[in-house]
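Please look through the structure shown here, beginning with a single residue and then turning to a group of strands.

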Amino acid sequence: MIRFILLQNRQGKTRLAKYYIPLEESEKHKVEYEVHRLVVNRDPKFTNFVEFRTHKVIYRRYAGLFFSLCVDITDNELAYLECIHLFVEILDHFFSNVCELDLVFNFHKVYLILDEFILAGELQETSKRAIIERMGELEKQE
Amino acid sequence: MNPFSSGTRLRDMIRAIRACKTAAEERAVVRKECAAIRSAVSENDNEYRHRNLAKLMFIHMLGYPTHFGQMECLKLIASAGFPEKRIGYLGLMLLLDERQEVLMLVTNSLKQDLNHTNQYIVGLALCALGNICSAEMARDLAPEVERLLQFRDPNIRKKAALCSIRIIKKVPDLAENFINPAAGLLKEKHHGVLITGLQLCIDLCTTSAEALEYFRKKCTEAVVKSLKDVANSPYAPEYDISGITDPFLHIRLLRFLRILGHGDADASDCMNDILAQVATKTESNKNAGNAILYECVETIMSIEDNSGLRVLAINILGRFLSNRDNNIRYVALNMLMRAITVDTQAVQRHRATILECVKDSDASIRKRALELVYLLVNESNVKSLTKELIEYLEVSDQDFKGDLTAKTCSIVEKFSTDKIWYIDQMLKVLSEAGSFVKDEVWHALIVVISNASNLHGYTVRSLYKAVQTSGDQESLVRVAVWCIGEYGEMLVNNAGMLGIEEPITVTESDAVDVIEIAIKRHISDLTTQAMCLIALLKLSCRFPVCSERIKDIIVQYKGSLVLELQQRSIEFNSVIQKHQNIRSLLVEKMPVLDEATYSGRRAGSLPATVSTSNGAAINLPNGVAKPSAAPLVDLLDLSSDDAPVPSSSGGDFLQDLLGVDLAPASSQLGTSQTQKSGTDVLLDLLSIGTPPAQSSPSTSDILSSSLDNKISVNTLQRLSSPSALSGQASLPAVGSPVMDLLDGFAPNPAMHEDNGPAYPSIVAFETNSLKIIFNFSKAPGNPQTTIIQATFTNKSPNVYTDFIFQAAVPKFLQLHLDPASGNTLAASGDGSITQDLRVTNSQHGKKSLVMRTRISYKVNNKEVLEEGQINNFPRGL
């Protein structure tokens, strides 16, 4: 199960934070700070997995953005790595060539996409097309 | 229009915040926005509510407090339109969590929205419920969610499935309601619904045994078929990831099969073919394929034994391990750890590669590899693996050293076959990473050193050399200080030289240098400094030439700000200056530390009885195993002078280090001392044999009282021991109890009858003032043990009082001194004192006896000290 998802830039500014477990606000800030510290200085050749407290963080860097998933120790790391990539592809498709600013100004849409992709810490949909179509339908509701 | 009024659009606010150059500017903008939002909240403004909440969420992301917006979420959720509800639910998920009371207020809105005619609103409600529902909400809303599992739109069905997972995690009792609908989802063709349905089944199986049984019976074949379909499916652009159709679905199916097959031979049998197919046919040149293979290997390892599949799985892991991609190597290490319980041999084959991974530059890989190595160690490879680990310790990162040290120490402790190897390896670790070694590890090392009597010399010399190069490693310094304090003389006289050693020349003052440097190092902490002081006290006696210098060092701590050090300094100084006569008794070598007692203490529990360790049993002259049920016998048993450390209940290690119980006195004092739990060491030190209540005995009566007490205690013991010892008839010196009573006071020739070949008596020591004669006899049935009766005669015209005879022997010998017949020696050979010594020669037949003696007494209240060495023992003793 995914415990939380973080999207941070290299300076450690959080662009998206989704928690599937209850945490205090102060604890969330601490977690975001620690995860950023863990991933930001890792060599690109290194594994995309870091142990974090009793869990592990699967992260992937796209330009200046780090996508980090905190998952259970027994979860399939490679699958979650693929999962991050799928999410990025969806964002890329939706915003047509996504950049950090898209995510800043449309943060509420990013959350909406994420809610169509992952729910309750589990993968909900594996088809990029299905999610993009669903987003189109939701936008029509506005 | 004011750009910061509530009239600004979200986009404008974000721009304004991004335009801020300093944190102060940003705070100002946020403050203004928050003020505007607050006033809108109090005016109950409906038009811009969702825009305001969206702004608030952005502000929240920046880390500012936004609790005042919580009620706004609820209002938005309760409003009619989709856009309002969308922002309301988003705010609910971001600003609130399951623990807030406010959440209860939303249950009703959720219930309405779950029954809404607009399926997009139903979707929003399910999403919020799945992400933040509490146990109460789960109970209230479970029927709605259960119904939605059969909703016509697959988008709602998959959301309802994941929502159900959250519900059964919060309220496991509800699991049984979901078993049937979940099984229904497994028949779906829609990937989203199938994948969420599978996840629901997996979670149901972990919460309910009933569900597992049900799925195993009804669904195994269907799941196998689904896997077959997806594995053999033609190119499907919608789900394709680098040439594989929906790897996520593959993985969920494999995971569910693992749960179904685990511990069930039939189900396992059913999935063998498809697992073999996935393991052999899946492309392994892309991450997606490897993710499937990885999951497949795990499933093969978990289901019931099929050796063919396992070979396949181990081979895949072997390929992973040699992959250039670090991620793949990482998961291989991860999986090998689980494979080790299944097939150790197969994992052992990759040992060299795994060891290389310990040295990887990536901390994640290192950590995995180290844990794997730890599991791989066995008796046959421990030496080579330890060597590699210790070599790597020298060059490893600082932050990895802690882990590496802990694991290496644990391996060395667990698998050490001989003590010299253990000591060598521990010294290497201490020299490389002494500051990372935990206290209990070096405590254990000291216990082992103490028990390895033939290695004392070797160890202390090795430590001396190690400290010269790695004097900055705290725990190395501590062990070195302890050993030099205990075995300092072996450092100087190169006693107990092993063949592999290079002789070194160390003077007494070199040895004291080590301690002095250690105590004066600015980074030394209290424990180290306290240990140094004790070592110095011990050395002051062993190295008379350095006595003055040592006293000077100790005196420097008289003014220490640390009370403990100050007190020790003053106490030890007074021992050195005023109590010459008892000092040597005080600083006798520590008796061998009992490993069992020690490890018991380490485990946090005190042993109920003084245990009989192997060491103690071997040292019994008659080789008869001691009856372990009688701890009292152990304590009173005079035949083993290395009786285990009395189990004084304090966990105070320092007390042990001090070696309060002096070898000759210990057995006699056994009863009184063991029951003492006081920690005032010096009180013990100064009051040998006096009851603890007598806290400040005057110097003059210490010795007399102590000796009197010794004799009386001894007599008592003898009286009490025969019944317990009667089984050990061959025990020397315990001939008959009555004789024993007399034994201490008058020589009893009868005792030595029939004790094997007779040996000529020797004059062991002779000066103008004193003569010592040794008579020898053998303990019956034990050629290694010699009983020596020493007779002391005063040749001077003055009476000697406070007469004490002490002896020391090299390590291959063991010496036990019985109490002397008295402590006053009449003048001019008018009377004599006798004392029995028992020497056990572990090298009997190879080496002959040798002994150093020290005699102290008072003439006209003036202290006299005489020392000598006895080399003229008859051969063959």
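Leaving aside its neighbours within four places in sequence, with which residues is A:Ser127 in contact? The model is a predicted one, and in it A:Ser127 is in contact with four residues of chain B, namely B:His191, B:Gly192, B:Glu238 and B:Tyr239, once those sequence neighbours are set aside. Within its own chain, A:Ser127 belongs to the loop that runs between strand S7 (122-123) and helix H5 (128-141) of chain A. A:Ser127 counts as buried because 20 C-beta neighbours lie inside 10 Å, and 20 is the number from which a residue is called buried. Ten residues away along the chain is A:Phe117, and the C-alpha atoms of A:Phe117 and A:Ser127 are separated by 9.1 Å.

In chain B, the strands to follow are S3, S4 and S5. Strand S4 of chain B, spanning residues 770-779, is mostly covered, with seven of its ten residues buried. On one side of the account stands strand S3 (residues 762-766) of chain B, which pairs with S4(B) in the antiparallel sense over four bridges; B:Glu766, for its part, has B:Lys771 in S4(B) as its bridge partner. The link from S3(B) to S4(B) is a hairpin of three residues.

S4(B) also pairs with strand S5 (residues 782-794) of chain B, again in the antiparallel sense and over ten bridges, and in this pairing B:Phe776 stands opposite B:Ile788 of S5(B). The hairpin of S4(B) and S5(B) has two residues between the strands, and in that hairpin B:Gly781 takes a positive phi near 75°.

Technical notes. Residues are numbered from 1 along each chain as its sequence is written. Chains are lettered from A and ligands numbered from 1 in the order in which they are written. This is a predicted model: local features need pLDDT of at least 70, side-chain atom pairs count only at pLDDT 80 or more; totals for chains, interfaces and linings use all residues. A residue is buried if 20 or more other C-beta atoms lie within 10 Å of its own, exposed if 12 or fewer, and partly exposed in between; C-beta atoms are placed from the backbone. Two residues are in contact if their C-beta atoms, placed from the backbone, lie within 7 Å. Two strands pair if DSSP finds at least two bridges between them.
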